[in-house]
Amino acid sequence: MNIISLVHADLHAIVDHMVAIQVRDVPESVRDDLVRAARERGQSLQAFLADVLETEARKSRNRELLRTMTPIPVLGGAAPGEISELIRRGHEGRDAQIIDTVTRPDQP
């Protein structure tokens, strides 16, 4: 094995098995929007797209994990709509207590 082959092998180890992805037939307006979004984040288009791809891959793994999980049963037999109503009422009660405490005149 010659030195060029060794350097090439080391280079592949450094980039951690990264691959190239090419997307064809992207409308120019979409490319322009992506360039603008990348610029707003202070990134190159390549760095921005790599972040987008990593985020989508992570979301996909999360969805797969959620599909494999057993749902947690709701205690007390409340339906999902009832749970959100109970939370809303709790928030209203808490808000009323805070307003009452803040607006109450000082007691001697």
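# Close-up views of a four-helix chain

**View A. Aspartate 51 is partly exposed, with 25% relative accessible area.** Partly exposed lies between two cut-offs: buried is under 20% relative accessible area and exposed is over 50%, with a 1.4 Å probe and protein chains only. The model is predicted, so local features need pLDDT of at least 70, side-chain atom pairs count only at pLDDT 80 or more, and totals for chains, interfaces and linings use all residues. Residues are numbered from 1 along each chain as its sequence is written, and side-chain values use heavy atoms, leaving out hydrogens and water. The side chain of aspartate 51 meets that of arginine 41 in a salt bridge, with N to O at 3.3 Å. This pair links distant parts of the chain, 10 residues apart: aspartate 51 sits in helix α3, and arginine 41 in the loop between α2 and α3. A salt bridge puts a side-chain nitrogen of Lys or Arg within 4 Å of a carboxyl oxygen of Asp or Glu. The structure holds 10 salt bridges.

**View B. Four helices and zero strands make up the chain's pattern.** Along the sequence, the order reads α-α-α-α. Helices (H or I, at least four residues) and strands (E, at least two) are DSSP runs, numbered from the N terminus. Of the 108 residues, 2% are buried. The chain exposes about 10100 Å², and carbon and sulfur atoms supply 60% of that area. Accessible areas come from the Shrake-Rupley method with a 1.4 Å probe; for residues, only the protein chains shown count as cover.

**View C. Glutamate 85 and arginine 88 pair up in helix α4.** Their closest N and O atoms are 2.3 Å apart, in a salt bridge. Helix α4 covers residues 80-103. Because the two residues are three apart in this helix, about one helical turn separates them. Arginine 88 is partly exposed, at 37%. Glutamate 85 is partly exposed too, at 27%. Both belong to a network of salt bridges that links Glu85, Arg88, Arg89 and Glu92.

**View D. Arginine 94 and aspartate 95 form a salt bridge.** Here the closest N and O atoms are 2.9 Å apart. Arginine 94 has 41% relative accessible area and counts as partly exposed. Aspartate 95 is partly exposed at 34%.

**View E. The largest pocket holds about 660 Å³ of space.** Rolling a probe the size of a water molecule over the atoms shows where empty space is left. A pocket is an open set of points on a 1 Å grid over the protein atoms alone, where a 1.4 Å probe fits, with protein on both sides within 12 Å along at least five of seven lines; lining residues have an atom within 4 Å of a point. Grid points are joined across faces, edges and corners, and the volume is the space filled by probe spheres set on the points. Which residues lie closest to the centre of the largest pocket? Of its 18 lining residues, they are Ile21, Gln46, Leu49, Ala50 and Leu53. Helices α2 (28-40) and α3 (45-68) each supply at least two lining residues. The most come from α3, with seven. By class, the lining has 12 nonpolar, three polar and three charged residues. Nonpolar covers Ala, Val, Leu, Ile, Met, Phe, Trp, Tyr, Cys and Pro; charged covers Asp, Glu, Lys and Arg; the others, Gly among them, are polar.

**View F. Leucine 53 belongs to a nonpolar surface patch.** Its partners are Val19, Ile21, Val23, Val26 and Val30, and together the patch has about 570 Å² of accessible area. Patches are made of residues with over 30% relative accessible area and no salt bridge; like charges are joined within 9 Å, and nonpolar side chains (Val, Leu, Ile, Met, Phe, Trp, Tyr) within 5 Å. Leucine 53 is found in helix α3. At 48% relative accessibility, leucine 53 counts as partly exposed.

**View G. Leucine 45 and leucine 34 have C-alpha atoms 7.0 Å apart.** Along the chain, the two are 11 residues apart. Leucine 45 is found in helix α3. Its relative accessible area is 28%, so leucine 45 is partly exposed.

**View H. Aspartate 25 has a positive phi.** The angle is about 60 degrees, although this residue is not a glycine. Aspartate 25 lies in the loop between α1 (3-14) and α2. Is aspartate 25 buried or exposed? At 78% relative accessibility, aspartate 25 counts as exposed.
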